[in-house]
Amino acid sequence: MKKLLLITTLLSIFVCLKLNAQQLIQPKLQYPETKKIDHVDTYFGQDVQDPYRWLEDDRSDETEAWVKSQNQTTFGYLDNIPYREELKERLTKLWNYEKIGSPFKEGDYTYFYKNDGLQNQYVIYRYKNNADPETAEVFLDPNTFKEDGTISLGGLSFSKDGKTLAYSISEGGSDWRKILIMNAETKEIVEDTLVDIKFSGMSWYKNEGFYYSSYDKPKGSELSAKTDQHKVYYHKLGTKQSEDQLIYGGTPEEKHRYIYGGVTEDDRYLIITPRVSTSGNKLYIKDLTKPNAPFVEILGHTDSDSNIIENVGSKLYIMTNLNAPNQKVVTVDASDPKPENWEDFIPETENVLSPSTGGGYFFAEYMVDAVSKVLQYDYDGKLVREVKLPGVGSAGGFGAKKEDKELYYSFTNYVTPGSIYKYNIEGGTSELYRKPNIDFNPENYESKQVFYTSKDGTKVPMIITHKKGLELDGKNPTILYGYGGFNISLTPSFSITNAVWMEQGGIYAVANLRGGGEYGKKWHNAGTQMKKQNVFDDFIAAAEYLISEKYTSSDYLAIRGGSNGGLLVGATMTQRPDLMKVTLPAVGVLDMLRYHTFTAGAGWAYDYGTAEDSKEMFDYLKGYSPVHNVKEGVEYPATLITTGDHDDRVVPAHSFKFAAELQSKQTGGNPTLIRIETDAGHGAGTPVNKTIEQYADIFGFTFYNMGFNVLPNKTKEKVKG
């Protein structure tokens, strides 16, 4: 009898050890109750229930209480992860190194951004031109804007003589900005603050004033109300904002959601680029040397992305993808700048072009399978040289003023922390200017580019990065990252957070999906509107490749993406919940029937289409919309949704609704949690301390739900169910 009891006890212990790690520590989660209301929308005769519509009201006490209760549940779960603090400590230690940006000259000074290590925001320093950089002084410290770092610097722009600075700030991560004007010599604020400014640059005309863009202040919630009439204004120094001149936009018959105004370096032309959507713009110029000169139309349609990048007198240099999906540079005289008069200057090639200018030359940066190649041309269009880069990766920053003799560019890849190189423009030589002193050895890691086949036979590139000597046993914790939209390219770059993930034995894989810009406009269009499913198919095929090649398996695979990438994760997990163990949708566009009714969302219609376009478009959107495709009786992967309560680009209601649907319908024991950062927006300007805490939670949640009871770099032992 005693033997039988001993055997039974040992078997019980063995069964307990085989349980998933969170089951040993955490009882079954009890989610906060999310009430349902009887709300129905009708599209083309079809009723669609929206039981969580009330969560769209970001100003209500009910929504605030829901956010608090969800965070309480989420952090109660995260607090039980045994190595969460260890991850936070390692992230903090690795983050704590001096980071310095490329120098740039304005007036009598050379400026640069610098972070001592763990400062929440970068500080701007300066020194006298040609002086020793060691004499640099603090010029502007955004860490003094607010003690907790939640007021960040948006952008800055100097007058032509460098004596006056306009800079924008963001409060709590909001896209709404304020502009302050400073005497750069004395560092004193010299005018009243400009307010209610959104999606704007600041482009100076001489030393007299600057152009900026904004919307009328919306009625209702500033964080979620629709904003779709952009306007360009001119602010003259010494005047009130109420006196600022409306330059372009605001007519009801011509609705433009994004309009930008910029002045050429010689102060001769004002360039206006009205957009209806995030892709495609009209193009106009105005000769500022002639009083009351009218705007001259170069392009009156939005069939291309085109902009003036340089001029020599009346000769304009235009970057365009009009009839050139991979982009080219053309020239034309401003007296008659219609496309029929354009002449090729840098012709289109098989690789995507991103041109810039500096020191009297053009720099043509090409993406060759998402990797940088840079060619230098003179103003006659003659190829001077290929710029020899430090390695295979991403190079950027080939821009300078015309009179500059040197420029500074950055270089990075997935295992190389970003370094700065000084480039002699005439001689074509590069020398290392700044290399970060970071506790990470790139020699211990490797990156490999592979090409896999998607569902329809399309070849898609992916870069896989991990420690050298990795065993392909299907048991490596892996994060697959993607975006796949808005013509945005994912090129190799170093990330402190990804370095910590890989240190722990993790694999980091980035797939260059259709919808992005890696192969030009055709690649972008192949992942838009009624072709959006291609993006999800590409991502699914990437996951299947990683599994078939034994990099990982479904038990050790996480998928991650933010914004449009959050949509990618949401759609993939609802279509193939069996494929991965963990899903990490961040600030995602998740309600595809209503995304266009919030803030500037209507401008995303080029990529998505809207539910009002047609019955066919409505059916297509509803067919993949994550909020509308969570099904009863399905076991979804362990999910940690992340968003910010001040996200006024992709409003947090997307994430709130998705979390409520998953919590209501999830079958099985996998947790469905939402982590809502307070005083944070879409991501830009997030303080370092908040970023470190967030990634400690994300990585901890991921390892924990893959069954690791200790971090993988400590031991390969896992406790699995």
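# Salt bridges and overall shape: worked exercises

Lys690 forms a salt bridge with Glu677, and their closest N and O atoms are 3.2 Å apart. A salt bridge here is a side-chain nitrogen of Lys or Arg within 4 Å of a carboxyl oxygen of Asp or Glu. The model is predicted: local features need pLDDT of at least 70, side-chain atom pairs count only at pLDDT 80 or more, and totals for chains, interfaces and linings use all residues. Residues are numbered from 1 along each chain as its sequence is written, and side-chain values use heavy atoms, with hydrogens and water left out.

**Exercise 1.** Place Lys690 and Glu677 in the secondary structure, then classify their burial.

*Solution.* Step one: the elements. Helices (H or I, at least four residues) and strands (E, at least two) are DSSP runs, numbered from the N terminus. Lys690 lies in helix H12 (residues 688-705) and Glu677 in strand S40 (residues 672-677), so the pair ties together parts that are 13 residues apart in sequence.
Step two: the cut-offs. Buried means under 20% relative accessible area, exposed over 50%, and partly exposed in between (1.4 Å probe, protein chains only).
Step three: the verdict. Lys690 has 13% and is buried. Glu677 has 11% and is buried.

**Exercise 2.** Treat Arg84 with Asp79, and Asp619 with Lys615, in the same way.

*Solution.* Step one: Arg84 and Asp79 form a salt bridge with closest N and O atoms 2.4 Å apart. Arg84 is buried at 14%. Asp79 is exposed at 53%.
Step two: Asp619 and Lys615 form a salt bridge at 2.8 Å between closest N and O atoms. Both residues sit in helix H10 (residues 615-624), 4 residues apart, about one turn of the helix. Asp619 is partly exposed at 34%, and Lys615 is partly exposed at 43%.

**Exercise 3.** How many salt bridges does a search of the whole structure find?

*Solution.* The search returns 38. Now the charges. Lys and Arg count as positive, Asp and Glu as negative; His and the chain ends are not counted. The protein has 80 positive and 97 negative side chains.

**Exercise 4.** Compare the radius of gyration with the globule rule.

*Solution.* Step one: the radius is taken over C-alpha atoms, and the rule is 2.2 Å times the number of residues to the power 0.38.
Step two: for 721 residues, a compact globule would have a radius near 27 Å; the protein has 27 Å, which agrees.
Step three: the box. The C-alpha atoms fill roughly 105 × 60 × 55 Å along the principal axes.
Step four: burial. Of the 721 residues, 57% count as buried.

Note on methods: Charge placed at Lys NZ, Arg CZ, Asp CG, Glu CD.
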